There are 2 protein chains.
Amino acid sequence: MKKIGVVLSGCGVRDGSEIHEAVFTLLAIDRQGAEAVCMAPNTDFPVTDHLTMQETGERRNALVEAARIARGNIRDIKDVKAADLDAVVFPGGFGAAKNLCDFAMKGAGATVHPEVARLLNEMALAGKPIGAICIAPTLIATVLGKELSPTVTIGTDSGTAAEIEKTGATHQDCPVRDFVVDNKNKIVSTPAYMLATHISEAYEGIDKCVKAVIELI
Amino acid sequence: MKKIGVVLSGCGVRDGSEIHEAVFTLLAIDRQGAEAVCMAPNTDFPVTDHLTMQETGERRNALVEAARIARGNIRDIKDVKAADLDAVVFPGGFGAAKNLCDFAMKGAGATVHPEVARLLNEMALAGKPIGAICIAPTLIATVLGKELSPTVTIGTDSGTAAEIEKTGATHQDCPVRDFVVDNKNKIVSTPAYMLATHISEAYEGIDKCVKAVIELI
């Protein structure tokens, strides 16, 4: 059975993984007859109250909170090697741009959590497919942009697209129910909640994106 | 557009709403062309660490945490009347049996959060359909069992089924990808993670259950 890594960053769109995107990623993997290997970095983050959208001053742990989405079946990313996986997918949510790296604050000059960068570089070197959803393509561009010049999409947001292109990556506009494939680098991306106004739009794009990732194995 | 209430109880299978079940409920509602009206009670609950499965001693608020699943688009259940809704669905997770009522601790002798009981009674009185997923049918039985003798399913767990029958309700065994309809009372239920070993099984049962709820409007 093909093993697909799913890199989570917490549990909630404002301070972790976007929950709908993460769940649709897990569903698409299962429906393709593959096995999801959930993981997250063991790192703290500042909590946002999702009712008021204000930071609370509290801190939580990305691995512990991501375990809510994974129903406890999750590993510390530091213990996962590319050799354990056939492909990897990064759901979105601000956690992808705040906890896995600091692109949300620093744009193209972002630094990346060392274990996230390590796994991404291992996957690219092994020629294994990478999927990235919503804002997560900014993370891919930050790690791989200079060396591989990948083509990715985050939808149509020109400011984010400009930052992506500063890394050496190319941004390609894409509608919400579709996805972009970089065949050379085996990188697939879809806009999801960068554009979705309905949950079914995010579902459709993610379902197609994950299928395309698995077909590239 | 038909308005379907979705009653959440937090964010995580062990101390709130089961996340996959809640997301699939929202997806099914949207794909049916209806609108989800998310709500939760404004009540605190004890936190379970979903990595260790141990209680942490911390407390969180069900409405604030459920807002993570609803992406902030959620109301306090006390402000929602049956007149605002065409139907209502209760996803599962231990929160349905610990935060919306205390069935998990007290079985058929459970007490129910007053606003949850109030809305359920209003919906039943108005003849509006009710959906219940996973363990949530225990809540329906606790509130409506004596008066309406509804038929529900939580899958095949005989201990839980026996407690359900003590309320005056009837339990009907049901496979994970299927659902049970009580046409007289317009109550639809599906086992989801009471039985599911794959996320796609929970998805399929919930998709059918929500469609059946909407067809009963």
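**Exercise 1. Place strand β7 of chain A in its sheet.**

Strand β7 (residues 130-133) of chain A runs parallel to strand β11 (residues 187-190) of chain A, and four bridges join the two. Strands (E, at least two residues) and helices (H or I, at least four) are DSSP runs, numbered from the N terminus. Two strands pair if DSSP finds at least two bridges between them.

This is a predicted model: local features need pLDDT of at least 70, side-chain atom pairs count only at pLDDT 80 or more, and totals for chains, interfaces and linings use all residues. Residues are numbered from 1 along each chain as its sequence is written, chains are lettered from A and ligands numbered from 1 in the order written, and side-chain values use heavy atoms, without hydrogens and water.

Step 1. Take one bridge: Ile130(A) partners Ile187(A) in β11(A).

Step 2. Widen the view. The open sheet has seven strands, in the order β5-β2-β1-β6-β7-β11-β10 (chain A), and its pairing is mixed.

Step 3. Find the edges. β5 (74-76) and β10 (180-182) of chain A each have a single partner strand, so one side of each lacks a neighbour in the sheet.

Step 4. Add the helix. α5 (residues 114-125) of chain A packs on the sheet and touches β1 (3-7), β2 (35-40), β6 (87-90) and β7 of chain A. Contact means heavy atoms within 4.5 Å.

**Exercise 2. Which residues of helix α7 (residues 158-166) of chain A are buried?**

Step 1. Buried means under 20% relative accessible area, exposed over 50%, partly exposed in between (1.4 Å probe, protein chains only).

Step 2. The buried residues of α7(A) are Thr160(A), Ala161(A) and Ile164(A). They cover an arc of only 100° around the axis, which puts them on the same side of α7(A). The arc is that of the directions from the helix axis to the C-beta atoms.

Step 3. These buried residues pack against α4 (103-106), α6 (137-148), β8 (151-152) and β9 (170-171) of chain A.

Step 4. Turn to the opposite face. Exposed Ser158(A) and Lys166(A) lie there, away from the buried side.

**Exercise 3. What does Arg31(B) contact beyond its neighbours within four places in sequence?**

Step 1. Arg31(B) sits in helix α1 (residues 19-31) of chain B. At 44% relative accessibility, Arg31(B) is partly exposed.

Step 2. Its contacts are Ser200(A), Tyr203(A) and Tyr203(B).

Step 3. Consider both chains. 100% of the interface residues of chain A are also interface residues in chain B, so the copies meet through the same surface.

Technical notes: Axes are lines fitted to C-alpha atoms, for helices over the stretch in contact, and angles run from 0 to 180 degrees between N-to-C directions.
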